Amino acid sequence: MSSSVLTRPRPEYRSADLLTAYLPGSFYYSSPRGTVLADGVSRAVRADTGRRAEAVSAALASAREDGVPDPIAVGALGFLPTSESSLVIPAVVRRAEAPEDGHGVMSPRQRDGFGPWTVTPRPGGEVYRDAVARALRRIERGDLEKVVLARSLELTADTPVPVPELLARVVRANPAAHAFAVDVTAVGDPAPRTLVGASPELLVSRRGATVVANPLAGSRPRSTDEAENRRRIADLLASSKDRREHAHVAARVAEVLGRFCDELHVPEPEVIGTPTMWHLSTRITGTLADPRDPASSSLALAEALHPTPAVCGTPTAAARDLIAELEPEDRGYYAGLVGWTAPDGDGEWVVTIRCAEVCDRTVRVFAGAGIVEGSDPAAELAETSAKFRTLLGALGAEEVA
Ligand SMILES: C=C(O[C@@H]1C=C(C(=O)O)C=C[C@H]1O)C(=O)O
């Protein structure tokens, strides 16, 4: 059994201390599996899509030769194969258990908004509804079966956004999420740029020979009324449109993992909740046929799975083309992947959703929704507004979507 981020004999920190120690430029990632805070750069990994796992293995080996103790690679990859990536072997890694529950209660000061905000929808709601209607015509014509269309909100404040405080709020709001903050500063940025979010969607986690993936698709907003929530959950489970939307993702993830596993368990979908949403969810588990094969490292598996129909569509190439045609804005890191991988192949990668890119005074929040036959443009627009709430709540800007 290989070691994992939790079981390695490392100095033990409390997860809350790592959150406090986070500074812009650090890499922070926490999930039910544990917390990682990484600083400094021992090696930056630059490689094309499909060759990244290989480049990471080489960089990890050379970092180890140079005396970096227990190196891992961390970072984020963008949505498109041609998108930027931010993948590094950090100089220092601190590890802790998963964030504890109970950080969720905020003091009155923490509840104060960061704003006031000026908000620009990119694109506006009408343009988004029109794009959904066009996608539905393409689906009807038989060009493709599913496409995920996204939009964003650009929020601007009078003063720079305090990223450590934003991350702390995001983690406290949902300690069970896969929360992250990654430095994604690019050439030409006027100030450091950080990708911050709390993804509910596990792309792939690997520990020894065991792999887990948890595709989501098919959604309802969460209500504040519990009876209404019970109705929404029942409605989601009974909806043939949402079940079809979900089946595209579960089938694709199972098909890809099936190539690497000699045992795969794909249960029936169930409903999971986040503080803002309900989703159809399938928790797929498998046993790798050859855990020593570099093609089975967590990053290699993540790259083989990406982009799943949870963020792109079916078939993949047709959906990617339609996204390029109908979405007026570049997705950047949104709908990509964030995570870490170790030399033995263990690691964890999540789908980069419920997130924002923060640069100086500006925050860009992203959300998308899966379109299949039977989708309704107004409902899909409302679904993206509900998904924005994960970040808008943390920014004290719930009213703007
Ligand atoms: C694309 C997003 O979410 C994805 C799409 C979903 C859907 O269409 O129902 C549900 C969960 C995610 O897989 C997003 O949050 O931006």
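Here are some notes on helix α10, its two packing partners and a few backbone oddities in this predicted model.

1. Start with α10 itself, which covers residues 377-395. The helix has 19 residues and spans 27 Å from first C-alpha to last, close to the 27 Å expected at 1.5 Å a residue. That said, don't draw α10 as a plain rod: there is a bend of about 40° at Arg389. Just past the helix comes Gly396, with a positive phi near 65°.

2. Next, how α5 sits against α10. Helix α5 (residues 163-173) brings its axis within 9 Å of the α10 axis, and the two cross at roughly 125°. Angles of 65 to 115 degrees count as roughly perpendicular and those over 145 as roughly antiparallel, so α5 is oblique to α10. The crossing is right-handed. On the α5 side, the contact uses Leu166, Arg169, Val170 and Ala173, while α10 supplies Gly393, Ala394 and Leu395. Sorted by class, that contact comes to 5 nonpolar residues, 1 polar and 1 charged.

3. Now α4, which runs over residues 125-141. Its axis lies 9 Å from that of α10, and the packing angle is about 125°. That angle makes α4 oblique to α10, and here too I'd note the hand: α4 and α10 cross in a right-handed sense. The α4 residues involved are Gly125, Tyr128, Arg129, Val132 and Ala133, and they meet Pro377, Ala378, Glu380 and Leu381 of α10. By class, the α4 contact with α10 holds 6 nonpolar residues, 1 polar and 2 charged.

4. On to the backbone. Most peptide bonds are trans, and most residues other than glycine have a negative phi. With that in mind, have a look at the bond from Arg122 to Pro123, which is cis with omega near -5°. Pro123 is in the loop between β8 (118-122) and α4, the helix whose Gly125 is among the residues that meet α10.

5. There is also a cis bond between His306 and Pro307, with omega about -5°. Pro307 belongs to the loop that links α8 (298-305) and β19 (313-314).

6. Where is the residue that has a positive phi although it is not a glycine? That one is Arg354, at about 50°, and you'll find Arg354 in the loop between β21 (347-351) and β22 (355-359).

7. If you only have time for a quick look, I'd go to the α10 bend at Arg389, then to the cis bonds at Arg122 to Pro123 and His306 to Pro307, and finish with the positive phi of Arg354.

Notes
Residues numbered from 1 in each chain as written. Predicted model: local features only at pLDDT ≥ 70, side-chain atom pairs only at ≥ 80, totals over all residues. Helix = DSSP H or I, 4+ residues; strand = E, 2+ residues; numbered from the N terminus. Expected span 1.5 Å × (residues − 1). Bend = angle between axes of the 7 residues up to and from the residue. Axes fitted to C-alpha atoms, helices over the stretch in contact; angles between N-to-C directions. Parallel < 35°, antiparallel > 145°, perpendicular 65-115°, else oblique. Left-handed = near helix turned anticlockwise from the far one by under 90°. Contact = placed C-beta atoms within 7 Å. Nonpolar A, V, L, I, M, F, W, Y, C, P; charged D, E, K, R; others polar.
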